[in-house]
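Let's take a walk through this model together, starting with a strand and ending at an enclosed space. Keep the viewer open as you read.

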Amino acid sequence: MMERAFAAAELDDWRYLTLEVPAEKLTDAMRGLRAMGFRGANFTIPHKVAVIPLLDELSPAAELMGAVNCMKRDGDKLLGENTDGKGFVQSLRTLLDAAGKRFAVLGSGGAARAIAVELGLSGAAEIVIVNRTVARGQDLVTLLTDRVKVNSRLVHWKGDYEVPAEIDVLINATSIGLGDAQARVPVDANSLRKELVVADVIFNPPRTRLIRDAEQRGCRTLDGLGMLVNQAVIAFKIWTGVDADADVMQEALEEFLNV
Ligand code: NDP
């Protein structure tokens, strides 16, 4: 995605390297990155949280989420940002504006946290967190209520979740569906009203069972590819100052995933 976007923007001397760094080598890797003058970086599991003490500053969103997926070097300073939730909100914008809307978020892991914080910062009216493990769900609700200052409550997820009539957007932010197009997210299909927008963070495969079921019920849907492309579009702009060609990136991603 990045290399294609560099080429499309005629940033011919930019390179995006995928480097596998073992957990215990992260400090060395960050020292090397400073020494070699990298302009920025992305971080993925297991480094998103561990990298924080190795950075100089955090954006407000990254600080709230307690996770960094994107870094920009500014002189000698390394600045941590999180573009996952912003990518989701940007992708959602193709269908609606988050401000004033009511959301139900399934899951409370890294993806759910990034999305919920960013929805809160974008002026959501309410965020219902639906999670199997109460303690993890409650942590996120407390963060949303106390620090992001958005209305939030927890639903303990047991059996099929019935989406309340006042919810505008349902988001699957669990790992259910990853690598399995038949995996069923426990949601009562009868509660998928046609006015509901249904989004899934899963991008491989993008046409998850939830997305297919929602389409069949007449809902508007968003797959996980949009979030993935948009978090990259935002990172590209942070590093280069140039707007990326999102279509070129989406094409590269679809080619890579063979979808
Ligand atoms: P985590 O492991 O941090 O969290 C997973 C969440 O899913 C937890 O809340 C967990 O619940 C819940 N969960 C998992 N299995 C079940 C189940 N059978 N029933 C109910 N709940 C379940 O993962 P991440 O948040 O980091 O990632 C989640 C997914 O998001 C991944 O598949 C990842 O690929 C995708 N993702 C997509 C991105 C994109 O750009 N499209 C970006 C980032 C992630 P509990 O707390 O009870 O364990």
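Buried means under 20% relative accessible area, exposed over 50%, and partly exposed in between, using a 1.4 Å probe and protein chains only. Helices (H or I, at least four residues) and strands (E, at least two) are DSSP runs numbered from the N terminus. This is a predicted model, where local features need pLDDT of at least 70 and side-chain atom pairs count only at pLDDT 80 or more, while totals for chains, interfaces and linings use all residues. Residues are numbered from 1 along each chain as its sequence is written, and side-chain values use heavy atoms, leaving out hydrogens and water.

Begin at strand β6 (residues 126-131), where 6 of 6 residues are buried. Glu126, Val128 and Val130 point one way from β6, and Ile127, Ile129 and Asn131 point the other way. In a regular strand, side chains alternate between the two faces of the sheet. β6 pairs with β5 (residues 102-106) in the parallel sense over 5 bridges; strands pair if DSSP finds at least two bridges between them. Val128 of β6 is the bridge partner of Ala104.

Next, find Asn172 in strand β8 (residues 169-172). Asn172 counts as buried because its relative accessibility is 0%. Beyond neighbours within four places in sequence, Asn172 is in contact (heavy atoms within 4.5 Å) with residues including Leu106, Ala199, Asp200 and Val201.

Ala199, Asp200 and Val201 also help line the largest cavity, along with others including Phe88 and Met227. The residues of this lining divide into 5 nonpolar, 2 polar and 2 charged, with Ala, Val, Leu, Ile, Met, Phe, Trp, Tyr, Cys and Pro counted as nonpolar, Asp, Glu, Lys and Arg as charged, and the others, Gly among them, as polar. A cavity is a set of points on a 1 Å grid over the protein atoms alone where a 1.4 Å probe fits but cannot get out, and lining residues have an atom within 4 Å of a point.

Terms used:
1 Å grid on protein atoms, 1.4 Å probe; cavity = no way out; pocket = protein on both sides within 12 Å on 5 of 7 lines; lining within 4 Å.
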